[in-house]
Every structure is written in structure tokens, then in C-alpha cells.
Amino acid sequence: MHSGKQSSVRIASTFFVSFGLALILVSIFCFIACSTGWLFSGISVIFVTLVTIAICMAATLGTALVFKRKQKCFTPRVLLIEILLITFVGFGVLSWTDTQNNLRIIMTPFPVPNGLRVHHGRNTLFGGYVNFTGPPSVISALLHSKGLVEVSTNLPDSSDIGGFVEKATTTNSWDWWQPNTMPNPRFYYRHHDSNAAQGWSEGWWVNDATNEVYAFIGG
């Protein structure tokens, strides 16, 4: 009875230690990854955090049960090393995969090209934002493939003023989204019709001098 009680406490300790340490590590990784463009902030952070912690806890609990069944000592050192490795690898794979999926959505119908340097990104329930730099030829090809049209600085005469309104709205800065800090940026826009009542739109702020882009997509 005493031995069984000790084993149950050990399993319970593994549960709480793996959860707490994984949460701390993932929080640190998320901060670094979002700051460097490796991971989009917003929904991506919640998804990657929850899945990474779940994987870490399942793996460590499984290891603890295997050690118990083989009557081996599952030391704190082994537990800490396993949590660190699984959290690091799991977070890296999940964040890279999620970021690539977000980029595919923003770059559609053009595949995600090589040579892009993502600085920041954020995905929401109905859209996404990204700040990146890339070769001029790649940016030009992306603009062409997406059918984006440059929006004039003057108010258009036609009734379609969606691009002009989006240009004025997205000039406003928040957090890392600061297209107004770029010298002489050009704004490209396109509205897409869909089964939804309002459709969806996308716009790119492009700085030809530095090849920097602030892009958004959403409904």
C-alpha cells in the first residue's frame, strides 16, 4: 500500500511539474518567436501553446508510466531534460508549420516564395497581418499574381472607394503595424467577392526603397 501510494504521488507530481514547466518554457519561446517573426501572434500563440503543453504532458506521463512498469527510477533530472527537449522541439515544429500556413493564406494564389524575411505577424479569427521584406522581383510577382491595384492618394470619383477607405484606415499604427513610418510607401488593394455579404479584401503597403511590406487580408 505504501509503495503504491508513493507511485501515485510520483505520477501526480509529474503531471503538475510537466504542466508548470512547459507553460513557462512555451511562454518564453512565444515571446521570442513573436518578436523575431518565427510565430504569428494572436490565435497562433494560443494554438501552439496549448498543443505543445498537451504533447509535453502526454509524453512525460507516458515515460513515467513506463518507468514505473519497469520498476525503474524516473529521476527529476530525467523529467526536466525530457520536458525541455519535447517543449523545444514541439514548439519549433508547431510554430514553423503554423507560420507557413498563415503565409500561404496571405500569399494565395502565389506559393510562399523563398527569400522572404518575416519580421512580425498576427492572425485573427477573420484575417491576418504580416510585416516582411523580400527581393523586389518576388514582391512584384506577388502583387501581379494577386491582382492588387495601386490606390491613388486622391479621393476617387467612382462609387467604389473601398481601397481609399482601407488606405486611410490601415495607415493607423498599432503595436508593430506601422506602415506610416516607411518613406513614400505605396498602397495596393483588392476586394474579393464571395458568398459572404461583404466579401473579403486585402491590401499591401510597399516601400520600393527598402522592399518592406505591410500586408493584411480579411473579411
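How many bridges pair strand β5 (residues 186-192) with β6, and in which sense? Here is a short tour that starts from that pairing.

1. **Ground rules.** The model is predicted, so to speak of local features a pLDDT of at least 70 is needed, side-chain atom pairs count only at pLDDT 80 or more, and totals for chains, interfaces and linings use all residues. Residues are numbered from 1 along each chain as its sequence is written, and side-chain values use heavy atoms, with hydrogens and water left out.

2. **The opening pair.** β5 and β6 pair in the antiparallel sense over 7 bridges. Strands here are DSSP runs of E with at least two residues, helices are runs of H or I with at least four, and both are numbered from the N terminus. Two strands count as paired if DSSP finds at least two bridges between them. To find the match by eye, look for Y188, whose bridge partner in β6 is W204, and for H191, whose partner in β6 is S201.

3. **The whole sheet.** Step back and you will see an open sheet of 7 strands in the order β1-β2-β3-β7-β6-β5-β4, with mixed pairing. Its edge strands are β1 and β4 (149-150), each of which pairs on one side only.

4. **The β1 side.** Strand β1 (residues 41-42) runs parallel to strand β2 (residues 117-123), with 2 bridges in the pairing; G42 stands opposite N123 in β2. β2 then meets strand β3 (residues 127-133) in the antiparallel sense through 6 bridges. A hairpin of 3 residues joins β2 to β3, and G121 stands opposite V130 in β3.

5. **The middle.** β3 also runs antiparallel to β7, joined by 7 bridges. V130 turns up again here, with A215 as its bridge partner in β7. Strand β7 (residues 212-218) pairs with β6 in the antiparallel sense over 7 bridges, and V206 stands opposite V213 in β7. β6 and β7 form a hairpin with 4 residues between them, and in that turn N211 has a positive phi of about 60°.

6. **How enclosed is β6?** Strand β6 (residues 200-207) has 7 of its 8 residues buried, so it is largely enclosed by the rest of the structure. Buried means under 20% relative accessible area, exposed means over 50%, and partly exposed lies in between, using a 1.4 Å probe and protein chains only.

7. **The β4 side and a helix.** At the other edge, β4 and β5 pair antiparallel over 2 bridges, with V149 matched to Y189 in β5. Helix α4 (residues 136-146) lies across β5, β6 and β7, and runs at about 155° to β6. Such angles run from 0 to 180 degrees between N-to-C directions, with axes as lines fitted to C-alpha atoms, for helices over the stretch in contact; contact means heavy atoms within 4.5 Å.

8. **Aromatic rings.** There are 15 aromatic pairs in the structure. Rings of Phe, Tyr and Trp (its six-membered ring) pair if their centres lie within 6.5 Å; planes under 30 degrees apart are stacked, over 60 edge-to-face, and the rest tilted. W176 and W177 make an edge-to-face pair, 6.1 Å centre to centre with 65° between the planes, and both are buried. F187 and Y189 are stacked, at 6.3 Å and 25°, and both are buried too. Ring pairs link these four into a cluster with Y129, W174, W205, Y214 and F216.
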